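This report looks at how nonpolar residues are grouped in the structure below and at how one pair of helices is packed. The structure is a predicted model.

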Amino acid sequence: MDYYCYDYRKLSFAECFTATRGFGSIVLLFCKLFRIRLHLRGVFRYARPVGSCLVELGQLPSYAGETIDRAREKLGELGFISPQYFSMADPVSVIALCGCVMRHESGNAAAVALVARAASTQPPTVRDFTTVVSITKDNRILETTNQGAHFRSPPHVEARYIGGAAIERLWRVHEKRLAEPGSESLPVATSADAMDMFDRMERESFDMGVARGVYRRVTEEELSAERKRLGIVYADAAVSDAEFESSDAEGGLMDQPVVQVDEEEQGNDETQDQQLLHEIERVLNHTTGAGSKAMLFVISAILFLGAGSALWSWETTVSLIPILLIHELGHYVAMRRLKYRNLRMLFLPMLGAAVMGRNFNVSGWKKVVVALAGPVPGIFLAILFGVIGINTRTEWMVNTALLAFVLNGINLLPFLPMDGGHIVHTTLFSRHGFLDLVFRLIATAAFIVGAILFGDFVFWFLAAVMVSATPAVIRTGRIVSRLSKVGLQSGGEDDNTIPAQAALAIANEIRATTPRPLPVRLVAERTLEIYERVTAQPPSGWQTAGLLAIHGVSFVVAIVGLFVLVVYRHGG
């Protein structure tokens, strides 16, 4: 059997915006520009003839039967007759298609009412659309559909996309197209003709995707890994493609169990949960290779240099790099000592640098230590450079110390996403969802005030990030509050795992409170984020007092050091 996956790097720039919506289009464009391959879950089968997948209306899946029947009634009112139903499903494929093919009584067109179910989101995304098709005598395929524009059409397929249009409007538009000069259609005399037209359109589109590389055939190893992820083992590995195809139409092999699924995966919801647990395990066990980490660091540093030199100057940008490195190395060492996993360091153009890692069931005081480990060493080195620079009258050392005091002092401000914000949030405001929201709103207001006073776009950017994240913060806070009252099973301290029962409970809350389906990877990431918050243990009273004292003293030292250096420079 031939299975394929998507390679979005092969899309045109225009297709990056039509293949998906919203932020996803920006992600696709970024991946295309930097030749990044997206590791998306799920494979799909090569398009099969509709005639090999015919079923009765009552045999259509529950999520599609009513939708297709309504579309059939509307098409019947417009003169479409002889409905034939089909269902294309495969236990390995991430996409399932089912629908109804009809021909028009005039004999010049066919219509297909389709329902597509994508299991790559939690819960699965279900979309329906209708397409009217004709083939002209000069071998052109005229397609009129209310599906949104997706990938580029083959040369012989002239597609007209009218997103969200009613079926009546589709037929009116298609009739006008048929009335245009040179658009006389070939006759559609039988249901088989209608199905052949649809098959030809789908096959040409699919073959073009394969030729362009948008669809890439998966290897046997990749297919085996996908089957293992889904818990699927084929009952007879010797079943050939021809036997499988003929079984659909003749009822031979399809009457036998083609797949065996583990008992705990029986049922749609349980299969979704199993996929989610596999994805969580993959996220937890994922480790970026040393080469990839180094490349990420080097590329981000180059981007930082380029953007910084355009915004500030080469001298300022170059002097920032060692200061940021010392700051982030402090975070890195602390996270490594406290057993954080998959650590990665990178520069953020025009914003600074960051170290990323993950740890669960970690005590709150350890999180604060990680936050302090960046600015405190930076302030200490600023003092050292400042003292040496003043005594030796070395201008570059004084300037470096001045810049280090400014950066690390700003980083200790009690606003997220600064280190100081994380310190205050972990010690005080993480104890209640309402306090967490208030703290974030205060930070947003502070950034807006800073943007107005200083006219710096960075403040506007941070304010925009905080505002855009507010709805998710509210939803997450409610989930954390509910689950905290119920109580979740958790691992021991510094145990970087999540119990399956806790993961599924969190995932169910995410699905219930999210207005739209989410990719499995995103559900897994949010599940881990919420689990970390639910199981987080704020520092004790004495720990809170001591850590806040270190934070306050460090901030005061940075302000005093900055004041001394400014006075020295003006006095000098």
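## Nonpolar cores

In this predicted model, the largest nonpolar core comprises 21 residues, and those with the most contacts inside it are Ile-68, Leu-75, Phe-80, Cys-98 and Val-132. At least two residues of this core come from each of helix H3 (65-77), strand S4 (80-88), strand S5 (95-104), strand S6 (110-118) and helix H4 (167-178), with H4 giving the most, namely four residues.

Leu-75 illustrates the contacts in detail: leaving aside residues up to four places away in sequence, Leu-75 touches Phe-80, Met-102, Ala-111, Thr-130 and Ile-167. Apart from the largest core lies another one, which has 20 residues, including Leu-276, Ile-280, Leu-518 and Ile-530.

## Packing of H12 and H13

The axes of helix H12 (residues 375-392) and helix H13 (residues 395-411) come within 8 Å and cross at roughly 155 degrees. Because angles over 145 degrees count as roughly antiparallel, H12 and H13 are described as roughly antiparallel to each other, and their crossing is left-handed.

On the side of H12, the contact is made by Pro-375, Gly-378, Ile-379, Ala-382, Ile-383, Phe-385, Gly-386, Ile-388, Gly-389 and Ile-390, while H13 contributes Trp-396, Met-397, Val-398, Thr-400, Ala-401, Ala-404, Phe-405 and Asn-408. By class, the residues of this contact divide into 13 nonpolar and five polar, with no charged residue among them.

How values were computed: Residues are numbered from 1 along each chain as its sequence is written. This is a predicted model: local features need pLDDT of at least 70, side-chain atom pairs count only at pLDDT 80 or more; totals for chains, interfaces and linings use all residues. Side-chain values use heavy atoms; hydrogens and water are left out. A nonpolar core is a set of buried Ala, Val, Leu, Ile, Met, Phe, Trp, Tyr and Cys residues joined through side-chain atoms within 4.5 Å. Buried means under 20% relative accessible area, exposed over 50%, partly exposed in between (1.4 Å probe, protein chains only). Contact means heavy atoms within 4.5 Å. Axes are lines fitted to C-alpha atoms, for helices over the stretch in contact, and angles run from 0 to 180 degrees between N-to-C directions. Angles under 35 degrees count as roughly parallel, over 145 as roughly antiparallel, 65 to 115 as roughly perpendicular and the rest as oblique. A crossing is left-handed if the near helix is turned anticlockwise from the far one by less than a right angle, and right-handed if clockwise. Ala, Val, Leu, Ile, Met, Phe, Trp, Tyr, Cys and Pro count as nonpolar, Asp, Glu, Lys and Arg as charged, and the others, Gly among them, as polar.
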